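Here's a quick briefing on the fold you're about to look at. Have a scroll through the structure first, then come back for the details.

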Amino acid sequence: MSTALVIGANGFLGSHVTRQLVADGHDVRAMVRADAKTIGIDDLDVTRYVGDIWDDDTLRAAMAGCDDVYYCVVDARGWLRDPAPLFRTNVEGTRNVLDVAVETPLRRFVYTSSYVTVGRRRGWRATEDDVVDVRRVTPYVRSRVQGEELVLRYARQRGLPAVAMCVSTTYGGGDWGRTPHGAIIAGAALGKLPFVMSGIELEAVGVDDAARALILAADRGRPGERYLISEKMISNADVARIAAEAAGVAPPARSLPLPVSYALAALGSVKSRLRGTDERMSLEALRLMRAECELDHAKAVRELGWQPRPVEESIAEAARFWVDLRNAKRTSRSQM
């Protein structure tokens with residue numbers, strides 16, 4: 001078995017990568033920030049390194065003797081009014097890690113990218129060959145594109161054995177940090193989602209399946225290549241319905257028409273400019289929630305041997321996670 005380092009092991013995807021590596025019998029190192037919430041990996045037998053992506057000494061120590069590095073760090077706050085933190089983490093932070101990685105004789109550097117780096121247009125089924133037009137995207141997407149381009153450039157020009165995994169929206173249990181898309185499942189499963197936004201479709205994948213794709217890429221991925229990791233496109237309404245059914249509650253009865261969602265998003269953008277606040281409901285955030293076309297994951301199937309489950313199963317698992325967590329909290333309070 002190999003020695004693997006997961007940078008960002010406490011995150012949603014990073015924790016699932018870490019868990020699967022441990023289950024597979026690998027010697028696993030987990031790098032996390034000093035203030036990170038690590039409940040998703042606290043029960044695992046891993047060697048922990050405490051530091052962030054700017055801590056060169058910790059990065060070198062954590063990578064020394066490693067076969068594979070899984071990079072699972074991202075600032076996904078696409079709603080920020082000031083996008084500078086996005087570029088600092090997603091581009092400059094990635095560059096700093098890459099500069100340390102090229103000094104280390106790795107077998108593979110597996111980089112968690114995003115499906116938003118792939119060019120998509122309506123009526124088209126996108127593949128890894130489709131290039132996004134950065135002139136027409138949000139600052140968040142630009143930061144992800146620039147981060148991925150850095151990784152692939154280091155692979156081409158500096159010999160880093162890196163692969164870029166373009167992962168779509170991930171669903172599943174163990175969402176301890178309550179991701180924005182996980183919050184929709186939580187709301188539906190707990191009967192607290194007042195409405196769903198109609199006309200919203202997302203490319204989606206189970207978080208366990210995405211983690212498995214990253215691990216397969218360490219064995220079989222071709223350096224300098226990128227792989228689309230997404231199971232299918234699914235509507236926001238279907239996500240809420242599946243979650244509610246898995247939890248045994250009624251799905252949200254009301255839907256918000258797409259024009260109304262855009263009107264509310266426009267108001268959020270105006271509020272952000274006038275008040276200088278970060279508004280989660282903004283035009284940029286809404287654009288990120290809409291998938292322009294389907295993605296073709298045939299390359300990952302063909303080259304990595306990836307076989308994802310239907311994402312509906314992972315959505316149901318996520319719903320049961322939130323219900324179990326709520327019940328555990330109720331039991332704990334009743335015993336106090």
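Before anything else, a term: a residue is called buried when its relative accessible area is under 20%, and exposed when that area is over 50%. With that in hand, take strand β11, which is covered on both faces: R226 and L228 are buried on one side, and Y227 and I229 are buried on the other. Keep in mind that this is a predicted model.

**The chain overall**

- The protein chain holds eleven helices and 14 strands.
- Of its 336 residues, 54% count as buried.
- The exposed area of the protein chain comes to about 15100 Å², with carbon and sulfur atoms supplying 49% of it.
- Take the contacts between residues at least 6 apart in sequence: 79% of them join residues at least 24 apart.

**The seven-stranded sheet**

- Seven strands make up an open sheet with parallel pairing, and their order is β3-β2-β1-β4-β5-β7-β11.
- The edges belong to β3 (47-50) and β11 (226-229); each has a single partner strand, so one side of each is left without a neighbour in the sheet.
- From one strand to the next, the twist averages 20°.
- β5 (residues 108-114) and β7 (residues 162-167) run parallel and are joined by six bridges, and F109 sits opposite A162 in β7.
- Helix α6 (residues 207-220) packs on this sheet, where it touches β4, β5, β7 and β11, and its direction makes about 145° with that of β5.
- On the other side of the β7 pairing, four bridges join β7 to β11, again running parallel, with A164 opposite R226 in β11.

**Zooming in on Y49**

- Y49 belongs to strand β3.
- Setting aside neighbours within four places in sequence, Y49 is in contact with R29, A30, M31, V32, T58, A61 and A62.
- Y49 and L59 are ten residues apart in sequence, and their C-alpha atoms are 8.5 Å apart in space.

**Helix α1**

- Helix α1 (residues 12-23) has twelve residues and spans 17 Å from first C-alpha to last, close to the 16 Å expected at 1.5 Å a residue.
- α1 lies across β1 (3-7), β2 (27-32), β4 (68-71), β5 and β7, and runs at about 165° to β1.
- Why is α1 largely enclosed by the rest of the structure? Nine of its twelve residues are buried, so the surroundings take in most of the helix.
- The buried residues of α1 are F12, L13, G14, S15, H16, V17, T18, Q20 and L21.
- As general background, an α-helix has 3.6 residues a turn, so residues three or four places apart point the same way.
- Just after α1, G25 adopts a positive phi of about 95°.

**The three-stranded sheet**

- Three strands form an open sheet in the order β8-β10-β12, and here the pairing is mixed.
- β8 (169-171) and β12 (232-235) stand at the edges with a single partner strand each, so one side of each has no neighbour in the sheet.
- The twist averages 55° from one strand to the next in this sheet.
- β8 pairs with β10 in the parallel sense over three bridges, and the bridge partner of Y171 in β10 is G206.
- α7 packs on the sheet by touching β8 and β12, with its direction at about 80° to that of β12.
- α11 packs on the sheet too, touching β8, β10 and β12, and its direction makes about 50° with that of β12.

**Nonpolar cores**

- Which residues touch the most other members of the largest nonpolar core? They are Y171, I185, I234 and I315, out of 40 residues in that core.
- The elements giving two or more residues to this core are α4 (139-158), α5 (180-189), β10 (201-206), α7 (236-247) and α11 (311-334).
- α11 gives the most, with eight residues.
- Not counting residues up to four places away in sequence, I185 touches Y171, V239, A243, I315, A318, A319 and W322.
- Apart from that core lies another one of 35 residues, including V32, A210, A213 and L216.

Technical notes. Residues numbered from 1 in each chain as written. Predicted model: local features only at pLDDT ≥ 70, side-chain atom pairs only at ≥ 80, totals over all residues. Heavy atoms only, no water. Expected span 1.5 Å × (residues − 1). Buried < 20%, exposed > 50% of the residue type's maximum accessible area, 1.4 Å probe, protein only. Core = buried A, V, L, I, M, F, W, Y, C linked by side-chain atoms within 4.5 Å. Contact = heavy atoms within 4.5 Å. Pairing = 2+ DSSP bridges. Axes fitted to C-alpha atoms, helices over the stretch in contact; angles between N-to-C directions. Areas by Shrake-Rupley, 256 points an atom, 1.4 Å probe, with all protein chains shown as cover.
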